[in-house]
Amino acid sequence: MVVLPVPGDLCRECGLCCRFSDPSVLTPWAVRPGGESLPPSFRPPRPVGLTPGFGRMDLPVLVCDALSSDSYRCAFWGRHPADCRLYPLVLVYRDGGFLLALDTDCPFAAREPQSFFLDWATRFREEEWTRLGPDEIPALVDLARSEDRPHYRPVLPLPDPEGQMPS
Ligand code: SF4
Ligand code: SF4
């Protein structure tokens with residue numbers, strides 16, 4: 001499985017991931033409506049929930065209940081959902097096609113060159129994306145479309161499956 005090697009000490013210092021101020025967006029896809037139909041690689045080993053947590057700047061925050069509060073580690077590490085494993089690469093649906101883009105808000109995005117993220121995106125395309133069945137990928141369209149943000153920097157287009165895609 002492809003897991004981007006974001007250093008644990010950087011995440012502990014940053015602390016943005018796995019915490020969400022708005023549960024309807026920016027959460028793991030597995031906890032949003034429609035998550036049941038996701039391909040298995042986008043689902044966690046057990047259902048994921050959100051629990052109230054401590055925010056920064058007095059913002060209300062919900063925390064994924066697979067996150068350990070003291071170690072800042074994911075209980076599913078290595079088997080966590082594909083959208084979690086890829087971050088700060090993000091699967092988006094833009095201009096009628098899938099692509100992997102880089103969220104430049106993540107501090108790790110500035111630590112490595114574009115070629116580093118292109119290599120990891122290519123690994124994901126070859127090892128996971130092209131092995132998804134043509135029936136599995138259309139289930140990702142709406143979530144990938146809602147995920148897109150203007151500041152995300154394109155890294156790698158991904159091929160559509162054979163057959164009809166939703167418009
Ligand atoms: S935004 Fe980046 S550095 Fe911060 S917790 Fe998430 S992956 Fe780690
Ligand atoms: S499943 Fe793991 S990596 Fe994904 S949001 Fe929850 S704690 Fe974070």
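Here are some questions and answers about a predicted model.

Visitor: Why is Asp142 called partly exposed?

Guide: Count its neighbours. Asp142 has 15 C-beta neighbours inside 10 Å. Buried needs 20 or more, and exposed means 12 or fewer. The count of 15 falls in between, so Asp142 is partly exposed.

Visitor: Where is Asp142 placed?

Guide: Asp142 is in helix H4, which covers residues 141–147. Its C-alpha atom is 9.3 Å from that of Val92. Along the chain, the two are 50 residues apart.

Visitor: What makes strand S1 and strand S2 edge strands?

Guide: Look at the order in the open sheet: S1-S3-S2, with antiparallel pairing. Strand S1 (19–20) and strand S2 (50–53) each pair on one side only.

Visitor: How do you know that S1 and S3 pair?

Guide: Pairing takes at least two bridges. Two bridges join S1 to strand S3, residues 61–64. The cut-off is met, so they pair. For Phe20, the bridge partner in S3 is Leu62.

Visitor: What classes of residue make up the shell around ligand 1?

Guide: Eleven are nonpolar, one is polar and none is charged. Among the residues there are Val6, Leu10, Tyr87 and Phe108. Gly15 is also around ligand 1. Gly counts as polar, so Gly15 is the polar one.

Visitor: And how many residues surround ligand 2?

Guide: Ligand 2 has 13 residues around it. The closest are Cys18, Cys64, Leu67, Cys74 and Cys84. Cys and Leu both count as nonpolar, so these five are nonpolar. The whole shell has twelve nonpolar, one polar and no charged residues.

Conventions:
Residues are numbered from 1 along each chain as its sequence is written. Chains are lettered from A and ligands numbered from 1 in the order in which they are written. This is a predicted model: local features need pLDDT of at least 70, side-chain atom pairs count only at pLDDT 80 or more; totals for chains, interfaces and linings use all residues. Helices (H or I, at least four residues) and strands (E, at least two) are DSSP runs, numbered from the N terminus. A residue is near a molecule or strand if its C-beta atom, placed from the backbone, lies within 6 Å of it.
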